[in-house]
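Good morning, and thank you for coming. I shall take us through one structure, moving from the contact between its chains to some of its helices and sheets.

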Amino acid sequence: MLQIISLLVENKPGALMRITGLLSQRGYNIESLTVARTLDPVLSRMTIVVDVDATLRQQVIKQMNKLVNVLQAVDLTESPAVRREMVLVRVRTAQETRTAVLKEAEIFSARVVDSSTEGFALEATGDPEKLDEFIDVMRSYGEIETTRSGVVAVSLETKKLKLQPPVQQVGQASWPVPS
Amino acid sequence: MSTLTNGAKMLLECLAREGVDCFFGYPGGVTLPLYDAIYDHHIRHVLVRHEENACFAAEGYARATGKVGVCCATSGPGATNLVTGLVDAMMDSIPIVAITGQVTSKLIGSDAFQEADTFGITRSCTKHNYMVKKLEDLPQVVHEAFYIAASGRPGPVLVDIPKDVFQAQGHYTPVTSIHLPGYKVFTEGHTGQIRRAAQLMWEAERPFIYAGGGIIAANASGELRELAELLDAPVVTTLMGLGGLPSNHPNFVSMPGMHGSYAANMGMTHCDVLIALGVRFDDRVTGRLAAFAPHAKVVHVDIDPAEIGKNRAADVPIVGDVKRVLGRMNQILTEFSASPVPAGRATARQAWWSQIRSWKDEHPLAPVTSDSEIKPQHLMMEIDRLSAGEAIVCSDVGQHQMWAAQLIRFNGPRLWINSGGLGAMGFGLPSAIGAQFARPDKLVFALVGDGGFQMSIPELSTIASHGLPIKIVIMNNGYLGMVRQWQELFYNNRLSSVELDCFPDAEKLAAAYGFKGRTIDKPWELASALEEAVREPGPYLLNVKVSPYENVYPMVPAGGAINEMVLAPPQPVAVPK
């Protein structure tokens with residue numbers, strides 16, 4: 001079953017590899033993955049859609065939370081969250097269907113980002129199922145090319161972010177000595 | 001305070017600050033600046049003969065002391081040779097910091113000489129890893145590495161350092177704090193849960209303590225003992241937990257699992273409250289999970305939240321440091337013990353103990369001896385006699401490891417050192433080197449099979465070079481015994497590539513390295529030969545030829561339930577699909 005995981009991670013080299021490594025070492029296939037900086041430039045927000053067996057979902061989240069670079073990993077699969085994806089579609093249309101294509105685009109609230117004699121480039125956002133429909137409709141007008149962004153999601157609940165405070169003692173010698 | 005220095009010296013400065021007194025390694029092209037700095041530094045560098053053994057030696061050091069073990073290798077082949085040791089440390093939660101050299105920054109990614117993607121390769125074999133790009137990051141990274149390795153659930157951390165960072169000149173400013181906002185360490189345990197667990201344990205009629213490597217890692221053997229006595233519950237310690245409760249403690253049952261004792265496995269199966277402390281319900285312990293401890297409510301204490309419910313759902317999960325959790329639990333149990341135990345429960349507890357005792361008596365882990373040949377169990381009993389629960393025994397992997405775990409007693413933690421989770425052959429001898437450096441006062445046995453020994457022969461040279469008084473005891477049955485056992489039992493005795501012929505003459509081999517060695521094969525020679533080995537002030541190589549076809553019992557066939565043990569050889573065994 002597809003699982004949506006939202007992660008807040010340190011923007012450091014290797015962070016992405018650690019997270020995807022956890023999934024690939026268990027043989028899970030990633031459906032989509034998006035990463036971008038947050039308001040705090042040292043942190044990134046990542047949204048991963050991945051096919052994970054339902055019984056192992058909690059284990060995957062726990063393993064992600066163990067990673068040093070991961071500040072928070074939450075499962076948004078069944079919790080209230082807004083999921084959105086963007087698609088760019090290039091559709092080749094004949095002269096006589098141009099108006100119809102524009103009408104359909106309007107129904108899906110898609111924007112025209114380029115227009116030429118050969119057709120249009122359209123931009124649409126929505127939940128992934130809506131985009132599937134949009135793509136199906138556009139395909140009926142002619143040859144199309146698409147690029148999807150992958151899902152981005154935001155939780156509608158406030159998840160308390162627990163961060164570790166700095167450790168002031170440096171050096172094993174200063175830690176409690178094992179008996 | 002700030003002084004001009006280079007990266008290599010800065011690294012050693014940080015190691016010194018971490019209290020490192022010795023580390024194990026093998027130099028190479030890109031670590032030349034580091035080895036130049038080591039030349040006149042007070043930290044001792046131990047030159048091993050293979051990088052894998054540097055990592056195993058660091059593990060031996062860490063396992064014997066609880067301190068972080070350190071190993072070092074050059075780029076490329078040096079770093080890739082560390083991988084087995086890193087995975088081993090990961091599986092057994094052993095704190096290790098591995099330093100690897102990397103090719104000069106500008107050359108990274110160009111297929112330079114001795115270049116390997118160490119950072120990428122070791123991602124999944126470490127708790128965390130680093131590549132240091134700038135000299136100014138180096139001290140921070142090194143201290144973070146030690147902190148991560150030793151805190152929470154311990155594990156290996158690797159720091160990859162390009163040659164130019166070792167060489168770069170800069171001012172060293174001591175690090176004063178570590179900030180890892182995403183690194184979550186759970187130590188305290190939930191108060192309400194601890195109380196619930198204590199209540200459940202107190203009211204249990206058939207309580208059973210299942211203690212693992214977490215007890216050793218947390219230095220919680222004192223707390224475990226107190227708990228066992230407060231509850232008067234039987235205790236099993238896993239392969240990783242041996243010594244967590246002294247073997248001569250009246251509550252100690254033995255080791256559970258695939259080659260665990262009858263009493264241990266029956267106890268697990270029939271208990272009503274299973275108290276799992278610092279364990280991960282490994283498949284070698286649980287057997288078929290669906291049939292594991294079917295009547296038990298489970299209290300599971302572990303510092304790693306991902307272990308809770310991973311294999312077996314816990315009725316009372318407690319995430320925390322087992323030492324602290326048990327400390328508080330024992331306080332609560334002490335309060336409880338002020339009031340009298342209801343008569344019904346006291347009777348049930350008595351019945352439980354007499355049941356455990358009769359299981360023990362029915363099928364004890366009895367030593368097998370013979371007049372004509374040395375039985376492997378006989379060898380273990382003799383080592384046990386000489387050790388008297390006090391020696392450090394560094395075991396390799398295989399049949400001898402299981403017999404040793406069954407029959408050698410350990411009066412305290414950090415005496416039994418073995419590769420548990422990974423089962424890495426070739427671990428015994430190099431880990432004994434680390435253990436002997438860490439504990440020069442201790443009698444250290446490297447107890448190895450003839451297979452694992454031949455994987456680590458190069459380290460005889462390290463032992464000789466430092467005159468380490470390690471007693472290398474080879475349980476030589478001429479086979480890869482554990483594989484042979486499985487081929488005999490499950491593959492119609494078609495012995496395929498398991499015979500180890502052409503074993504070298506031990507006396508000559510040891511003599512070639514300049515120390516004493518001997519081969520024995522008569523049971524009456526055993527005691528005196530071992531005594532001679534122990535009396536010898538230097539290293540000693542004792543090759544003990546044991547009966548070749550002895551199998552380890554009890555045995556739970558793979559996929560079986562742990563109460564369905566095969567107790568002795570003649571019993572037929574089903575061939576697994």
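Let me begin with a term: two residues are said to be in contact if their C-beta atoms, placed from the backbone, lie within 7 Å. By that criterion, 31 residues of chain B are in contact with 26 residues of chain A. On the side of chain B that touches chain A, the elements giving two or more residues are helix H5 (118–121) and helix H6 (138–150) of chain B. H6(B) supplies the largest share, five residues. Sorted by class, this side of chain B has 14 nonpolar, 11 polar and six charged residues.

Please keep in mind that this is a predicted model. Its scores are ipTM 0.91 and pTM 0.95. For chain B, the mean pLDDT is 95, and 98% of the residues reach 70 or more. As a general caution, where pLDDT is low, the predicted coordinates should not be read in detail.

I turn now to the helices, starting with H8 of chain B, residues 191–203. At 1.5 Å a residue, the 13 residues of H8(B) should span 18 Å, and the end C-alpha atoms are indeed 18 Å apart, which agrees. Which residues of H8(B) are buried? They are B:Ile194, B:Ala197, B:Ala198 and B:Met201. Seen down the axis of H8(B), these buried residues fall within an arc of 100 degrees, so they line one face of the helix. The general background is that an α-helix has 3.6 residues a turn, so residues three or four places apart point the same way. The buried residues of H8(B) pack against several elements of chain B, among them strand S9 (207–211), helix H10 (221–231) and helix H13 (322–336).

Helix H1 of chain A, residues 15–24, can be described in a similar manner. Its buried residues are A:Ala15, A:Arg18, A:Ile19, A:Leu22 and A:Leu23. Viewed down the axis of H1(A), they fall within an arc of 135 degrees, so they line one face of the helix. The elements of chain A against which they pack include strand S1 (2–10), strand S2 (30–37) and helix H2 (57–66).

Helix H11 of chain B, residues 262–270, is mostly covered: eight of its nine residues are buried. Among these are B:Tyr262, B:Asn265 and B:Met268. The buried residues of H11(B) pack against elements of chain B that include S9, S12 and helix H14 (343–362).

Finally, the sheets. In general, strands of a sheet pair through backbone hydrogen bonds, either parallel or antiparallel. In chain B, six strands form an open sheet with parallel pairing, in the order S16-S15-S17-S18-S20-S19. Strands S16 (416–417) and S19 (516–520) of chain B stand at the edges, each with a single partner strand, so one side of each is left without a neighbour in the sheet. S19(B) is joined to S20(B), residues 540–545, by five bridges. Within that pair, B:Ile520 stands opposite B:Val544.

Chain A offers antiparallel pairing. Strand S5(A), residues 81–92, pairs in this sense with S7(A), residues 119–126, over eight bridges, and A:Val91 has A:Phe120 as its bridge partner. S5(A) also pairs antiparallel with S9(A), residues 152–155, over four bridges; there, A:Ala81 is partnered by A:Ser155. Five bridges join S5(A) to S8(A), residues 144–148, again antiparallel, with A:Val87 opposite A:Arg148.

Methods. Residues are numbered from 1 along each chain as its sequence is written. Chains are lettered from A and ligands numbered from 1 in the order in which they are written. This is a predicted model: local features need pLDDT of at least 70, side-chain atom pairs count only at pLDDT 80 or more; totals for chains, interfaces and linings use all residues. The expected span of a helix is 1.5 Å times one less than its number of residues. A residue is buried if 20 or more other C-beta atoms lie within 10 Å of its own, exposed if 12 or fewer, and partly exposed in between; C-beta atoms are placed from the backbone. The arc is that of the directions from the helix axis to the C-beta atoms. Ala, Val, Leu, Ile, Met, Phe, Trp, Tyr, Cys and Pro count as nonpolar, Asp, Glu, Lys and Arg as charged, and the others, Gly among them, as polar. pLDDT is the predictor's confidence in each residue, from 0 to 100. Two strands pair if DSSP finds at least two bridges between them.
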